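Reader: I should like to learn how to read charged contacts and nonpolar packing in a structure. May we work through one example together?

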Amino acid sequence: MSLIKSYVHQIQEMGYDPYNFKKLSSEEWDNLITKVLRIPDKKLYEFLILTRCQIKTEERKRAI
């Protein structure tokens, strides 16, 4: 299984939609990241942190 498919599958197993990250609230992001910390794959954690930062940056650019 490819790395991306693996991430999608893991995120779905946690009860989140990996295709709609922009719709997650801050609390949902915190819960997702906390759940990811419990699994041994730290690359998924890094991916989610970078994705969250990218979404926040895009939101700030649109607000200007």
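Reader: Which residue forms a salt bridge with Lys-22?

Author: Please keep in mind that this is a predicted model. To recognise a salt bridge, one looks for a side-chain nitrogen of Lys or Arg within 4 Å of a carboxyl oxygen of Asp or Glu. Here the partner of Lys-22 is Glu-58, with 3.5 Å between the closest N and O atoms. Glu-58 belongs to helix α3, whereas Lys-22 sits in the loop between α1 and α2, 36 residues apart.

Reader: How many salt bridges does a search of the whole structure find?

Author: The search finds two. In the other pair, Asp-30 meets Arg-52, and their closest N and O atoms are 2.9 Å apart. Asp-30 is in helix α2 and Arg-52 in helix α3, so this pair ties together parts 22 residues apart in sequence.

Reader: Is Arg-52 buried or exposed?

Author: A residue counts as buried when its relative accessible area is under 20%. Arg-52, at 19%, is therefore buried, while Asp-30, at 39%, is partly exposed.

Reader: Which residues touch the most other members of the largest nonpolar core?

Author: That core has 13 residues, and the ones in question are Phe-21, Trp-29, Leu-32, Leu-44 and Leu-48. Helices α1, α2 and α3 each supply at least two residues, and α2 gives the most, with four.

Reader: How are the rings of Phe-21 and Trp-29 arranged?

Author: One compares the ring centres and the angle between the planes. Phe-21 and Trp-29 form a tilted pair, 5.3 Å centre to centre with 35° between the planes. Both residues are buried.

Methods
Residues numbered from 1 in each chain as written. Predicted model: local features only at pLDDT ≥ 70, side-chain atom pairs only at ≥ 80, totals over all residues. Heavy atoms only, no water. Core = buried A, V, L, I, M, F, W, Y, C linked by side-chain atoms within 4.5 Å. Buried < 20%, exposed > 50% of the residue type's maximum accessible area, 1.4 Å probe, protein only. Phe/Tyr/Trp six-rings, centres within 6.5 Å; stacked < 30°, edge-to-face > 60°.
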